Amino acid sequence: MVPTQNPTAALITVNGLRKNFDSLTAVDGVSFEIRQGEVFGLLGPNGAGKTTTISMLSGTLQPTAGTVNMAGVPEGPERRRALGIVPQDLAIYLKLTARENLEFFGGLYGLHGEALKRRAIELLEMVGLSERADSRSVDFSGGMKRRLNLAIGLMHSPRLLLLDEPTVGVDPQSRNHIFEGVKRLNSEGLTVLYTSHYMEEVEALCHRVGIMDRGRLIACDSVKNLIATLGGSVVHAEIGPLSPDNAMQEEVALAALQARLSAIEHCSEAEILPAEPRQDIAGSEENPHIVKVRTDAPGRVLPTLVSAISAAGAPLYSLSLREPNLEDVFLELTGKSLRD
Amino acid sequence: MNKRVLLQIWSIAARDVRILRRDRSALIFTFGMPIILTFVFGSMNGNHDAGRPTGGFKVAVAREDAGQRAEQALAQLRTAGIDPIPVTGGADALEKLIAAGKYSAGLVIPTDFSTRFDAAISGKSGNGSIEMPFVADPGDTRVASMIKGIAAGANERLVASEVIRQYPDAAIAMLNRPKIAMPDTEIKGQGLTPGDIFLPGFMVYFVFSLANGVAATLLGERQEGTLRRMLNAPISRAQILAGKLLARGILGAVQTLLLIGIGIQWLHLSVAQAPVGIAITAIATIFSACGMGLLMATFGKTMEQIQGMTTMFLLLLGFISGTLIPRSLLPEWMVKVSMITPHAWALNAYSDLIQRHHTLLSTLPNIGVLLLFGCVFFGLALARFRFE
Ligand SMILES: Nc1ncnc2c1ncn2[C@@H]1O[C@H](COP(=O)(O)OP(=O)(O)OP(=O)(O)O)[C@@H](O)[C@H]1O
Ligand SMILES: [Mg+2]
């Protein structure tokens, strides 16, 4: 479920951000804004430049070009206090306990005494580490370390939380903890930048998403709008040959079917593709086809589609309807899958 | 504001100290090794209580003469502080023993020793000579020549006592003869204890091995990402370094105190004459060691990369600086070379204060050079150290 908020005021504005490492351009002129109170997702495959972008947002990396502005917060110590950073690679002291880690970093942000202790207890509770608070983190599971990593970034109650792939390599229980924690914090008003290459997470959590590939921001909108650019759901129908014995007649029949499909209303795209050859009932080889139709109103299109196919005299072997997701958006935009 | 800056530095230092306390191998290297080595070297110099060797110099003696004079000669040697060890097999056997390094020196009392002695005293052989051949170990000439001097004195007395006995008139003249007095002028620092001898070098060497830890902890934090995490906090880079170095400084101070404590308790280390000077020297040494560690951290990317290198480097510095081998044993040119190490200046300062009982004021130049080393190390390191 996407939280239903309508944030508008920009908290962070990124303009023409660029970073070169020697000859490699890791981030290539990226511009976007993160609005007050939203969860902004940054989605992209390995090496897209997500971490580099975050490092420039947080000020740990000097941009080659471009600017990062935070509403009402000048660069420097004040900005650092406003940002909470959860790095992609664990950054905790393994020889210290969970509590000691939290209290140490809280102390660097000026918390002390009772307030420091209370805040640590609060966060241990939130990430579900209360029972292991006084164990050294070297003995923690991977997921527990990740949860501690997250909690440290929250110790000083930042205004904007920069989360760099907080759920990578994490067991489902820890993942849930982190996920629910971020949701709750956001509902309490925390603005979040959430980096991931799991599109399910981004879809479920983020109000708006920026898609990065090879250092560029190739799309930036709400999940709904991004998916809408694909023109709706995709229907796949596998059909048998139209005129098995005559290749010429088959050509003609296919052309006629194509014309019918294109005429269907609410249908943004229709094509007929060859499918894998298969054996018919008698055991001889035949050449079926796949009909692929894209629509924003599948309920209305399906009956028309089925009757068009039967009118053409083709046997219908299977029919499937698939809702598109961010994965498809990425595929559409880059021609490749998010995970390779 | 200022208080807060200091508190942040302190919280970094306190955290590092806490981590160190849980690091068993670091503790063994920092405290265990120095303590053990101090005991081993301290006790090599004889017994702890007297603080100096007893029982005299052991000298091999091949006595080929059974006569009374040989007996008297041995008695005189004993009185003079030589412990004659009888050797059988004559002069040849004795030479072999010395050549093998068993003794620093040996004496041969030839078969005709008593006969020649009596002949010489009674004037029958004119001014005939009496011989007691001396054999020195070429590998230990300094001790050998000391022994020769002592033995010569003993022989003088043997002859004198016999002359007096036989020629009482001459004896009166002898007793009334003018003397050249050689009163002992006491030089401060005489009578060094094992603690005085060994601890200055050890305190310097072991404190400088802190540098290894400084480099390791900085690179470790950079590798682990915790350095970046600290950089994200509203504190300065200088504070981070100060905090981390303070922790190692505390470690070094504890180590020095521990060595001094052991020195006082068991090795008769003399510190009472210059406690302030020793404290200042210790602080300057720690400062310079930390600076060196920081500089070493700039010569590698990962902890593993520099760990082996720095260990060897520190050992090398230990040898050429005179902290592990007394500088008096180093050749002249090496003594000069040793002055390029900060160790040597720290050692000078400690030696001045502990062994020579100089005042703090007179050893200030050494401390100054040591601090200068520290500052140069820090300057270079800060310019080179990559936080990212
Ligand atoms: N310090 C650096 N020096 C040189 N190249 C770097 C450095 N940091 C990142 N890069 C390069 O920049 C590109 C982007 O890296 P970045 O870590 O930002 O990607 P990412 O989107 O976070 O990927 P992932 O999902 O794997 O974390 C990569 O090709 C990477 O090799
Ligand atoms: Mg990354």
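Helices and strands here are DSSP runs, numbered from the N terminus, with helices having at least four residues and strands at least two. The model is predicted.

**Ligand 1**

The shell around ligand 1 holds 14 residues, and G47(A), K50(A), T51(A), T52(A) and Q88(A) are the closest. Two elements of chain A, strand 2 (24–35) and helix 1 (50–58), each contribute at least two residues to this shell. Helix 1 of chain A provides the largest share, 3 residues. By residue class, the shell around ligand 1 consists of 7 polar, 5 nonpolar and 2 charged residues.

Three side chains of chain A have a polar atom at the following distances from an oxygen atom of ligand 1.

| Residue | Distance to an oxygen atom of ligand 1 |
|---|---|
| T51(A) | 2.6 Å |
| T52(A) | 2.5 Å |
| Q88(A) | 2.8 Å |

Taken alone, ligand 1 exposes 630 Å², and the protein buries 61% of that area.

**Magnesium ion**

Two of the residues in the table also serve the magnesium ion (ligand 2): its protein donors are OG1 of T51(A) and OE1 of Q88(A), at 1.9 to 2.1 Å from the ion. This pair joins distant parts of the chain, with T51(A) in helix 1 of chain A and Q88(A) in the loop between strand 5 (83–86) and helix 3 (98–108) of chain A, 37 residues apart.

How accessible are the two donors, T51(A) and Q88(A)? T51(A) has a relative accessibility of 31% and therefore counts as partly exposed. Q88(A), at 25%, also counts as partly exposed. The class applies because partly exposed covers the range between buried, under 20%, and exposed, over 50%, with protein chains only taken into account.

**S233(A) and E323(A)**

Elsewhere in chain A, S233(A) belongs to strand 10, which covers residues 233–239. Is S233(A) buried or exposed? Its relative accessible area is 6%, so S233(A) is buried. The side chain of S233(A) forms a polar contact of 3.3 Å with the side chain of E323(A).

**Domains of chain B**

Chain B is divided into two domains, domain 1 spanning 50–181 and domain 2 spanning 194–384. The distance between the C-alpha centres of domain 1 and domain 2 of chain B is 50 Å.

Conventions. Residues are numbered from 1 along each chain as its sequence is written. Chains are lettered from A and ligands numbered from 1 in the order in which they are written. This is a predicted model: local features need pLDDT of at least 70, side-chain atom pairs count only at pLDDT 80 or more; totals for chains, interfaces and linings use all residues. Side-chain values use heavy atoms; hydrogens and water are left out. A residue is near a molecule or strand if one of its heavy atoms lies within 4 Å of it. A polar contact is a pair of N or O atoms within 3.5 Å; within protein, one must be able to donate a hydrogen and the other to accept it, and residues adjacent in sequence count only if both atoms are side-chain atoms. Accessible areas come from the Shrake-Rupley method with a 1.4 Å probe; for residues, only the protein chains shown count as cover. Ala, Val, Leu, Ile, Met, Phe, Trp, Tyr, Cys and Pro count as nonpolar, Asp, Glu, Lys and Arg as charged, and the others, Gly among them, as polar. Donors are N, O and S atoms within 2.8 Å of the metal (3.2 Å for Na, K and Ca); water is not among the atoms, so sites may look incomplete. Buried means under 20% relative accessible area, exposed over 50%, partly exposed in between (1.4 Å probe, protein chains only). Domain bounds come from an automatic or database domain assignment.
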